[in-house]
Amino acid sequence: MVDTVLIANRGEIALRIARTCRRLGLRTVAVYSTADRDSGVVRFADEAVHIGPPAPKRSYLSIPAIIEAARRTGADAIHPGYGFLSENPDFAEVCEDEGLVFVGPPAQVMHRLGDKAMARALMVDAGLPLLPGVTSAVEQAADAEELADDIGYPVIIKAVAGGGGRGMRVVRDRADLAAAYHQTRAGAQAVFGDGRVYVERYLESARHVEVQVLADRYGDAVHLGARDCSVQRRHQKLVEESPAPGLAPGGLAELGEAAVKAARMAGYVGAGTFEFLVDAHGRYYFMEVNCRLQVEHPVTELVTGLDLVAEQLRIASGEQLGYAQRDITVRGCAIECRVNAEDPARGFAPAAGQVTEFIPPGGPFVRVDTHLTSGYRIPADYDSLLAKVVVWGGDRETAIASMRAALSELVVRGPGVATTAPFLRELLADSRFAAATHDTSLVGTVLFGSAA
């Protein structure tokens, strides 16, 4: 097992990783920007290193600054969390060159799967069904128009290097395609440093279902069941749950087996997530692979009893999984709600400010992953996620009731501060969610009476 882990991230995930490291007896190093000097992980970690100003590109995205912090503190491993450098193959390669253990898949695997067009081609070889589209980047707007004419509208234009719900545009009419193509390319270049895009058919009113996979370097791989992440706003997930409801058990098993097969073919090592769209007839289509820990990983932890960060560290240290698929049991139902510093009454506008009162929910089977404390000043420089409220119940109905109670107990107050908690309670009260008949259009219909 590694000895000292540098956590190349911030917020709730940095604290989450640090807690598992402490439980495993590992030393931790936190890195922080000027805006995060008072953050929880800075106080919690064994050592903390200032790496730059608030702008991410000069702190959490600065590979030289993070590598230097690792050298200075004697770290022998780096856990990237999610976002920032977590799916950057160049960062993983630099870690490997510097003799540091990167807690994630090898750089060449990230290269292969991080390129969404290349990943689609690989999944064709693995036998996974894809939506109509291409398995390579589309170089010209005219080519995109011709392709869309062939596969039919609506289509979705996606950044080859995209992920996390960013870098995509839905196009419903040929007249809008060229502008959307150029806008997506420009946005992808600005956000991901890679302006290449590809095109595929857009599936309306689908379920977003993903499969958590663990794989070691010896060829062993298992899946930990499926998560439903269909409650989304503008492709950003708001509510996730496991197991995925409303799908036939045989379909879920088929998804899991397909994901494990694809992981083995890709030479995957570590924790990864295979994402699928499921249509109204139960047919599934591969979307992409996320080569990192997911924000929604706690729901899988609660139904399987596994600590995914600990599993990542074990695998990165060269240990074998030590269990087979028959040893994995999914029990009960877990639901996660993301509480963001946004004001639903003002179109989900950012609502940063100083938190004067924070009271997290409690009680049996309630977990809150957060870096929030009373007195904390929410920086405007980063993602708006404040907390993840996660509950477990023996069945889905019990879990929903527990989540509604937990959200009503949550208090986050301060001048200018607002959260999405009231809107999340409204979503959970919707009859379609309660009946598990919802899809990715739920948020739009709750907000506007039609899909967003």
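## Parallel strands at the start of the chain

Strand 2 and strand 3 (residues 47-52) pair in parallel, with five bridges between them. Within this pairing, Val31 stands opposite Val49 in strand 3. The model described here is a predicted one.

Strand 2 has a second parallel partner: strand 1 (residues 4-7) is joined to strand 2 by four bridges. Here Val5 stands opposite Thr28 in strand 2. Between these two strands the chain passes through helix 1 (residues 11-23), and the resulting β-α-β crossover is right-handed. How many residues of strand 2 are buried? Six of the seven are, so far as strand 2 (residues 27-33) is concerned, and the strand is mostly covered.

## An open antiparallel sheet

Eight strands form an open sheet, and their pairing is antiparallel. The order across the sheet is 13-12-9-10-11-14-19-18. Strand 13 and strand 18 (366-370) stand at the edges. Each has a single partner strand, so one side of each is left without a neighbour in the sheet. On average, neighbouring strands of this sheet are turned by 25 degrees against each other, direction ignored.

One edge can be followed in more detail. Strand 18 runs antiparallel to strand 19 (residues 385-393), and five bridges join the two. Asp369 has Lys388 in strand 19 as its bridge partner. Strands of a sheet pair through backbone hydrogen bonds, either parallel or antiparallel.

A helix also lies across part of this sheet. Helix 11 (residues 308-316) lies across strand 9 (207-215), strand 10 (221-233) and strand 12 (270-278). Helix 11 runs at about 40 degrees to strand 9.

## Helix 5 and its surroundings

Which residues of helix 5 (residues 107-114) are buried? They are Ala107, Val109, Met110 and Leu113. These residues cover an arc of only 155 degrees around the axis, which puts them on the same side of helix 5. An α-helix has 3.6 residues a turn, so residues three or four places apart point the same way.

Several elements cover the buried residues of helix 5. They include helix 4 (89-97), strand 5 (101-102), helix 6 (116-126), helix 9 and strand 13 (284-290). Strand 13 is also an edge strand of the open sheet.

Helix 4 and helix 5 have axes that come within 8 Å and cross at roughly 175 degrees. Angles over 145 degrees count as roughly antiparallel. Helix 4 and helix 5 are therefore roughly antiparallel to each other. Where they meet, helix 4 supplies Pro89, Asp90, Ala92, Glu93 and Glu96. Helix 5 supplies Ala107, Met110 and His111. Of these, Ala107 and Met110 are among the buried residues of helix 5.

## Tyr181, a buried residue in helix 8

Tyr181 sits in helix 8 (residues 177-192). Is Tyr181 buried or exposed? Tyr181 is buried, with a relative accessible area of 1%.

What does Tyr181 touch, not counting residues up to four places away in sequence? The contacts are Val138, Glu139, Gln140, Ala141, Ala144, Ile157 and Val197. Gly52 lies elsewhere: 129 residues separate Tyr181 and Gly52 along the chain, and their C-alpha atoms are 35 Å apart.

## Backbone exceptions

Most residues other than glycine have a negative phi, and most peptide bonds are trans. Two peptide bonds before proline are cis in this model. The bond from Tyr153 to Pro154 is cis, with omega near 0 degrees. Pro154 lies in the loop between helix 7 (141-151) and strand 6 (155-163). The bond joining Ser242 and Pro243 is also cis, with omega about 0 degrees. Pro243 lies in the loop between strand 11 (236-242) and helix 9 (249-266).

Positive phi values also occur outside glycine. Phe348 has a phi near 65 degrees. Its place is in the loop between strand 15 (342-343) and strand 16 (349-350). Phe348 counts as buried because its relative accessibility is 9%, and the cut-off for buried is under 20%.

Ala436 has a positive phi too, near 60 degrees. Ala436 is found in the loop between helix 14 (431-434) and helix 15 (442-448). With 12% relative accessibility, Ala436 also counts as buried.

Key: Residues are numbered from 1 along each chain as its sequence is written. This is a predicted model: local features need pLDDT of at least 70, side-chain atom pairs count only at pLDDT 80 or more; totals for chains, interfaces and linings use all residues. Side-chain values use heavy atoms; hydrogens and water are left out. Buried means under 20% relative accessible area, exposed over 50%, partly exposed in between (1.4 Å probe, protein chains only). Two strands pair if DSSP finds at least two bridges between them. A crossover is right-handed if, with the strands pointing away from the viewer, the path from the first strand over the helix to the second runs clockwise. The arc is that of the directions from the helix axis to the C-beta atoms. Contact means heavy atoms within 4.5 Å. Axes are lines fitted to C-alpha atoms, for helices over the stretch in contact, and angles run from 0 to 180 degrees between N-to-C directions. Angles under 35 degrees count as roughly parallel, over 145 as roughly antiparallel, 65 to 115 as roughly perpendicular and the rest as oblique.
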